[in-house]
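Let's take a guided walk through a protein, one piece at a time. Keep the picture in view and turn it as you read.

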Amino acid sequence: MGSIVILTGAGISKESGLDTFRDRDGIWSKVRMEDVATPEGFRRDPARVHAFYNARRRNLAEGGVTPNAAHAALARLEKDWPGEVLLITQNIDDLHERAGSENLIHMHGELLKIRCVKCARPFAWTADLGLDDKCPDCYRIGSLRPHVVWFGEMPLDMERIMEALMDCALFVSIGTSGHVYPAAGFVQTVRAQGRAHTIELNLEPSQGTSLFHETRLGPASQLVPTFVE
Ligand code: BJW
């Protein structure tokens, strides 16, 4: 049985109450990505970056945010499909794991983890993060940063991702605008291997729509369960 690779973006969590980035009311309409999602922005003003991620961490943990029908359907697919289902998410929320997905890569990191810039190992972290916090491993003060991938940084687990894309029989992209690379180029990698079918499920056409064999438009909470059944 061929393997399935699924790429998800902010659109899948929209109906759980989390903002997307590039929609009209999205995160980048409220803050400048250069300020909060680049290493330079963090060096310039770490307190501002901590405040941005602390607010999102608090909202995720305490804002009544729960997985929606799309997250649940993907977890069901992983359990029921006889072959491998690899879920690659660009999202830093934990809604896929809360829905029950296990074979999951967070290519842009995880909001509920932090890491030390010196010793690099990620830790679970649910409280607010500040400039005076100490690394639990090396005890340096002020060396902790969110465990997220900013512009100009290498996304995580790329080797495993590329192998899975080269090998899959079906590639499904859900709720992503196709603006951010390397994720936006995954469909081209899959098309180049020549054997897999490619499907996009999104609210509206994305940057990469013409590259997919098939596109279905609508909200993820409706499209994804229908697709999985
Ligand atoms: C719904 C819905 C509903 C709404 N149902 N759908 C020039 C050319 C090519 C590349 C570059 C370039 N200049 C610079 C680059 C590289 C750069 C990049 O891509 N820049 C572009 C902006 C041009 N990329 C990087 O720097 C990356 N690293 C890198 O490239 O390393 C080098 C490398 C070399 C070789 C191999 C591999 C790597 C790192 C990118 C890091 C991105 N980080 C962020 C923020 C951190 C996490 C966080 O704070 O949350 O990640 S940016 C932000 O965008 C976030 C997201 O994961 C990412 C993608 O956004 P997403 O998920 O697509 O959200 P939206 O809002 O854009 O779209 C939502 C979609 O959902 C829309 O289409 C809606 O219609 C839809 N939707 N409601 C279904 N209910």
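The tour below goes from the domains to the strands, then to a group of cysteines, and ends with some long distances.

Before we start, keep in mind that this is a predicted model. The domain assignment splits the protein chain into two parts. Domain 1 is made of the stretches 1–16, 67–108 and 155–229, while domain 2 takes 19–64 and 109–148. If you follow the chain with your finger, you will see that each domain is put together from separate stretches of sequence. The C-alpha centres of domain 1 and domain 2 lie 25 Å apart. Where the two domains touch, 11 residues come from domain 1 and 9 residues from domain 2. On the domain 1 side of this contact there are 3 nonpolar, 5 polar and 3 charged residues.

Next, look for the ligand. Which residues are the closest to the ligand? They are Gly9, Gly11, Phe21, Gln90 and Ser177, out of 36 residues that surround the ligand. Sorted by class, this shell holds 17 nonpolar, 13 polar and 6 charged residues. Both domains take part in the shell, since domain 1 and domain 2 each supply at least three residues.

Now let's turn to the strands, beginning with β7, which covers residues 170–174. Strand β7 has neighbours to pair with. Strand β1, residues 4–8, runs parallel to β7, and 5 bridges join them. You can find one of these pairings by locating Ile6, whose bridge partner in β7 is Val172. Strand β8, residues 197–202, also pairs with β7 in the parallel sense, again over 5 bridges. Here Phe171 has Thr198 in β8 as its bridge partner. Is strand β7 largely enclosed or largely open? It is largely enclosed by the rest of the structure, because 4 of its 5 residues are buried. To count as buried, a residue needs 20 or more other C-beta atoms within 10 Å of its own.

A second set of strands centres on β4, residues 109–116. This strand is also largely enclosed by the rest of the structure, because 6 of its 8 residues are buried. The pairing here runs the other way: β4 and β6 are antiparallel and are joined by 5 bridges. In that pair, Gly109 stands opposite Val148 in β6. Strand β5 pairs with β4 as well, in the antiparallel sense and over 3 bridges. There, Arg115 stands opposite Pro122 in β5. Together β4 and β5 make a hairpin with 5 residues between them. One residue in the turn, Ala120, has a positive phi of about 70°.

Stay in this region to meet a group of cysteines. The unreviewed UniProt entry places a "binding site" feature at Cys116, Cys119, Cys135 and Cys138. These four are spread over 23 residues of sequence, yet they cluster in space, with a largest C-alpha distance of 8.7 Å. Let's visit two of them. Cys135 lies in the loop between β5 (122–124) and β6 (144–148). Leaving out residues up to four places away in sequence, Cys135 touches Cys116, Cys119, Arg140, Ser143 and Leu144. Cys138 sits in the loop between β5 and β6 too. With residues up to four places away in sequence again left out, Cys138 touches Cys116, Lys118 and Cys119.

How many C-beta neighbours does Cys138 have inside 10 Å? There are 11, so Cys138 counts as exposed. The cut-off for exposed is 12 or fewer. Cys135 has 19 other C-beta atoms within 10 Å, so this cysteine is partly exposed.

Tyr139 is another residue found in the loop between β5 and β6. Tyr139 is exposed, because 9 other C-beta atoms lie within 10 Å.

Finally, use this loop to get a feeling for distance. Tyr139 and Glu102 are 37 residues apart along the chain, and their C-alpha atoms are separated by 32 Å. Cys138 and Gly11 are 127 residues apart along the chain, with 38 Å between their C-alpha atoms. You have met Gly11 already, among the residues closest to the ligand.

Conventions
Residues are numbered from 1 along each chain as its sequence is written. This is a predicted model: local features need pLDDT of at least 70, side-chain atom pairs count only at pLDDT 80 or more; totals for chains, interfaces and linings use all residues. Domain bounds come from an automatic or database domain assignment. Two residues are in contact if their C-beta atoms, placed from the backbone, lie within 7 Å. Ala, Val, Leu, Ile, Met, Phe, Trp, Tyr, Cys and Pro count as nonpolar, Asp, Glu, Lys and Arg as charged, and the others, Gly among them, as polar. UniProt positions are given in the numbering used here, feature names are shortened, and annotations may be inferred rather than shown by experiment. Helices (H or I, at least four residues) and strands (E, at least two) are DSSP runs, numbered from the N terminus. A residue is near a molecule or strand if its C-beta atom, placed from the backbone, lies within 6 Å of it. Two strands pair if DSSP finds at least two bridges between them.
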